[in-house]
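Trainee: I have a new model open and would like to go through it with you. Could we take it one question at a time?

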Number of protein chains: 2
Amino acid sequence: MTVTIYDVAREANVSMATVSRVVNGNPNVKPATRKKVLNTIERLGYRPNAVARGLASKRTTTVGVIIPDISSIFFSELARGIDDIATMYKYNIILSNSDQNKEKELRLINNMFEKQVDGLIYMGAGITEEHVQQFKTSSVPVALAATIDPTDAIPSVNIDYEKAAYEATTLLIENGTNHPIYVSEEGDSPVNSKKLDGFKQAVVDANQELNEDYIIHTKLNYKSGEEAAKKIVEMGNYPKAIFAASDELALGIIHGLQDHGVDVPNDVEVVGFDNTRLATMVRPTLTTVVQPMYDIGAVAMRLLTKFMNKETVDDQNVILPHQIMRRNSTK
Amino acid sequence: MTVTIYDVAREANVSMATVSRVVNGNPNVKPATRKKVLNTIERLGYRPNAVARGLASKRTTTVGVIIPDISSIFFSELARGIDDIATMYKYNIILSNSDQNKEKELRLINNMFEKQVDGLIYMGAGITEEHVQQFKTSSVPVALAATIDPTDAIPSVNIDYEKAAYEATTLLIENGTNHPIYVSEEGDSPVNSKKLDGFKQAVVDANQELNEDYIIHTKLNYKSGEEAAKKIVEMGNYPKAIFAASDELALGIIHGLQDHGVDVPNDVEVVGFDNTRLATMVRPTLTTVVQPMYDIGAVAMRLLTKFMNKETVDDQNVILPHQIMRRNSTK
DNA sequence: ATGAAAGCGCTAACAC
DNA sequence: GTGTTAGCGCTTTCAT
């Protein structure tokens with residue numbers, strides 16, 4: 001049936017060990033025999049069995065990736081960064097969607113460990129004590145991408161969400177709106193909280209009293225943005241600047257505003273968060289916080305390779321730089 | 001170190017075989033011993049090693065997924081459909097990006113087979129004889145998603161691209177433009193060709209002479225759309241309807257048109273293709289061909305499970321229904 | 001209903 | 001530079 005390393009050894013008149021050596025590029029093989037082996041590999045169409053190799057070597061050269069939703073324009077970009085670096089280091093990726101469902105997340109972590117992944121990249125709203133416990137059931141290294149562990153115990157790659165939100169809010173304030181409206185998602189995930197903290201701090205630093213009416217909680221998607229815009233317009237007298245916690249939300253808000261005859265940015269300014277490809281796919285183009293999604297994924301994967309190689313890393317919680325990209329949704 | 005099935009057997013005073021049976025839900029175990037085994041599994045924190053299991057059973061419960069680019073809004077939706085059904089059938093997914101690079105594609109197929117995937121979902125511009133040869137190096141079942149094999153030899157899930165393009169074009173013609181402009185990607189991938197064929201047929205059926213000036217080749221992305229719009233406007237006297245081969249391209253065209261003071265749909269009508277989430281994230285909202293991406297992925301995966309179970313399938317080349325979604329970019 | 005034992009295909013000492 | 005030989009942790013006949 002399928003040809004094994006044993007068949008190759010027999011046909012080439014060498015031992016399995018020698019075949020294994022040439023397959024794995026071990027230099028301790030005489031060029032002549034290497035060639036001989038290579039030839040019979042070619043002739044027999046031998047293909048190494050990675051599962052057997054994994055069992056014997058205890059390395060599968062695959063890493064697990066737990067992601068909230070691969071169809072999200074945000075996370076799929078992260079995933080691309082992860083896979084590119086994984087490929088560069090000869091790893092494959094096992095990808096699973098969690099939908100940010102805690103039980104599913106916990107189950108998936110276990111599942112990845114069963115599959116003997118060499119490492120794990122985790123993305124989610126945030127990490128709880130239970131997650132950490134689950135990670136600890138194995139000695140396999142884990143890295144968080146665009147995900148916060150409040151205790152900083154797990155290696156991670158993020159941006160400074162609080163500072164980024166602070167800066168975005170300040171931009172709006174400096175443009176003339178003392179207390180912008182903040183629209184974000186419900187729930188108090190760490191990332192979420194940091195953004196809100198940054199927003200609040202900026203308002204406070206501008207000597208404004210916080211007004212909870214101007215803090216709107218909804219979902220982070222387009223439709224919610226449209227709805228939020230409607231709600232805002234119906235407030236009648238409302239601040240003329242809006243900070244949305246995601247680009248998609250911002251697009252929904254812009255279009256919702258426009259549908260009600262509000263001009264962006266002349267009547268109301270809007271800034272988003274992430275700088276997904278959507279940001280340039282609207283009119284007016286979106287001013288937003290640049291979060292380097294691809295790089296976060298890539299750096300997280302790179303970090304993971306270091307742990308998998310047992311290299312020492314200086315800083316296991318890396319903060320990537322962000323910036324504010326001014327486009328046409330603000331003045 | 002790690003606890004194995006052998007440890008559980010010893011601690012529970014049963015054989016490995018019995019532990020294996022309870023782990024795999026084999027009914028041939030007395031309830032009492034099952035409970036005893038379950039307890040010691042719990043106590044020892046035993047976690048089955050899927051690699052060892054894979055080697056022994058020759059089933060890895062993982063399927064390979066080769067995808068052009070997971071960060072694409074189109075393909076990531078397909079991937080989600082694939083993963084959901086995979087999860088439903090207890091499979092995991094190994095995901096790799098090919099960038100539609102043939103050598104990479106061929107290498108990835110081989111890589112997936114090395115990893116002993118139980119099945120393979122392939123997405124790409126199209127299948128060549130070499131791809132088929134590569135698939136044939138293994139007996140592992142393969143299914144194509146949103147990908148055409150001209151010979152129909154490989155199981156696949158698609159829509160009728162030609163008919164869909166024909167209908168979209170006809171809509172434009174019936175709205176008053178005898179020979180719309182067609183904007184699509186360069187190259188003659190099967191999917192691409194079918195769309196173009198459908199377009200041409202619709203024009204011919206409307207008793208129009210084909211005008212190659214009105215068939216524009218570019219990339220399928222937003223920026224190309226903006227550029228195409230510029231080119232079109234500069235034509236001066238041009239048809240007042242445009243059929244774009246993807247939604248993203250259509251968005252670029254719409255905005256490019258608007259940037260030149262052209263009103264959509266009153267001055268020029270635009271229809272897209274795919275009905276990605278982008279279609280509702282523009283003003284005017286986009287009239288487009290609905291391609292059920294998620295379903296294509298889901299059905300392809302479902303189809304694959306049938307082959308993996310050696311079930312007989314009646315039609316291995318499934319064509320899912322499409323439709324035209326009329327929104328506001330057409331009259 | 002349960003156990004014994006032979007692999008699955010490969011790597012990794014260790015010996016020569 | 002090459003071969004021998006234990007396993008890796010599990011499933012799967014085949015007995016009993």
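Mentor: Gladly, and keep in mind that this is a predicted model. Let us begin with a pair of packed helices in chain B: the axes of helix 5 (residues 73-88) and helix 12 (residues 293-308) of chain B come within 7 Å and cross at roughly 40°.

Trainee: Are helix 5 of chain B and helix 12 of chain B parallel, perpendicular or oblique to each other?

Mentor: Start from the angle, which is roughly 40°. Angles under 35 degrees count as roughly parallel, and 65 to 115 as roughly perpendicular. The crossing falls in neither range, and therefore helix 5 of chain B and helix 12 of chain B are oblique.

Trainee: Which hand does the crossing of helix 5 of chain B with helix 12 of chain B have, and how do the residues of their contact divide by class?

Mentor: Helix 5 of chain B passes helix 12 of chain B in a right-handed crossing. Helix 5 of chain B brings residues including Phe74(B), Leu78(B), Ile82(B) and Ile85(B), which meet residues of helix 12 of chain B, among them Met293(B), Ile296(B) and Met301(B). Charged residues take part as well, including Glu77(B), Arg80(B) and Arg302(B). By class, the contact divides into 10 nonpolar, 2 polar and 4 charged.

Trainee: At what angle do helix 10 of chain B and helix 11 of chain B pack?

Mentor: Helix 10 covers residues 222-234 of chain B, and helix 11 covers residues 247-259. Their axes are 6 Å apart, and the packing angle is about 45°. That angle makes helix 10 of chain B oblique to helix 11 of chain B. The crossing of these two helices of chain B is right-handed, and the angle you asked for is about 45°.

Trainee: What classes of residue form the contact of helix 10 of chain A with helix 11 of chain A?

Mentor: In chain A, helix 10 (residues 222-234) and helix 11 (residues 247-259) pack at about 45° with axes 6 Å apart. Among the residues that meet are Tyr222(A), Ala229(A) and Val233(A) from helix 10 of chain A, and Leu249(A), Ile253(A) and Leu257(A) from helix 11 of chain A. The classes are 7 nonpolar, 5 polar and 3 charged.

Trainee: Now to the DNA. Which residues are closest to DNA strand D, and which helix gives the most to the surface near that strand?

Mentor: DNA strand D is surrounded by 27 residues, of which the closest are Arg21(A), Lys30(A), Thr33(A), Ile5(B) and Tyr46(B). Of the atoms of DNA strand D that come within 4 Å of the protein, sugar and phosphate account for 60%. By class, this surface has 12 nonpolar, 11 polar and 4 charged residues. The helix that gives the most, with 4 residues, is helix 4 of chain B.

Trainee: Where on DNA strand D do the N or O atoms in the side chains of Arg21(A) and Lys58(A) make their contacts?

Mentor: For Arg21(A), a side-chain N or O atom is 2.5 Å from a base oxygen of DNA strand D. Ala56(A) also has a base oxygen of that strand 3.2 Å away, but from a backbone N or O atom. For Lys58(A), the distance is 3.1 Å and the partner is a phosphate oxygen. In short, the Arg21(A) contact is at a base oxygen, and the Lys58(A) contact is at a phosphate oxygen.

Trainee: How many residues surround DNA strand C, and which helix gives the largest share of the surface near it?

Mentor: The count is 27, with Ile5(A), Ser20(A), Tyr46(A), Arg21(B) and Thr33(B) coming nearest. Sugar and phosphate make up 64% of the atoms of DNA strand C that come within 4 Å of the protein. A polar backbone atom of Ile5(A) is 2.4 Å from a phosphate oxygen of DNA strand C, while a backbone N or O atom of Ser15(B) lies 2.7 Å from a phosphate oxygen of the strand. The largest share, 4 residues, comes from helix 4 of chain A.

Trainee: Which residue does a cis peptide bond join to Pro265(B)?

Mentor: Most peptide bonds are trans. Pro265(B) sits in the loop between helix 11 and strand 9 (269-274) of chain B. Omega of its cis bond is about 10°, and the partner is Val264(B).

Notes. Residues numbered from 1 in each chain as written. Chains lettered and ligands numbered in written order. Predicted model: local features only at pLDDT ≥ 70, side-chain atom pairs only at ≥ 80, totals over all residues. Heavy atoms only, no water. Axes fitted to C-alpha atoms, helices over the stretch in contact; angles between N-to-C directions. Parallel < 35°, antiparallel > 145°, perpendicular 65-115°, else oblique. Left-handed = near helix turned anticlockwise from the far one by under 90°. Near = heavy atom within 4 Å. Polar contact = N/O pair within 3.5 Å; in protein donor to acceptor, adjacent residues only side chain to side chain. Contact = heavy atoms within 4.5 Å.
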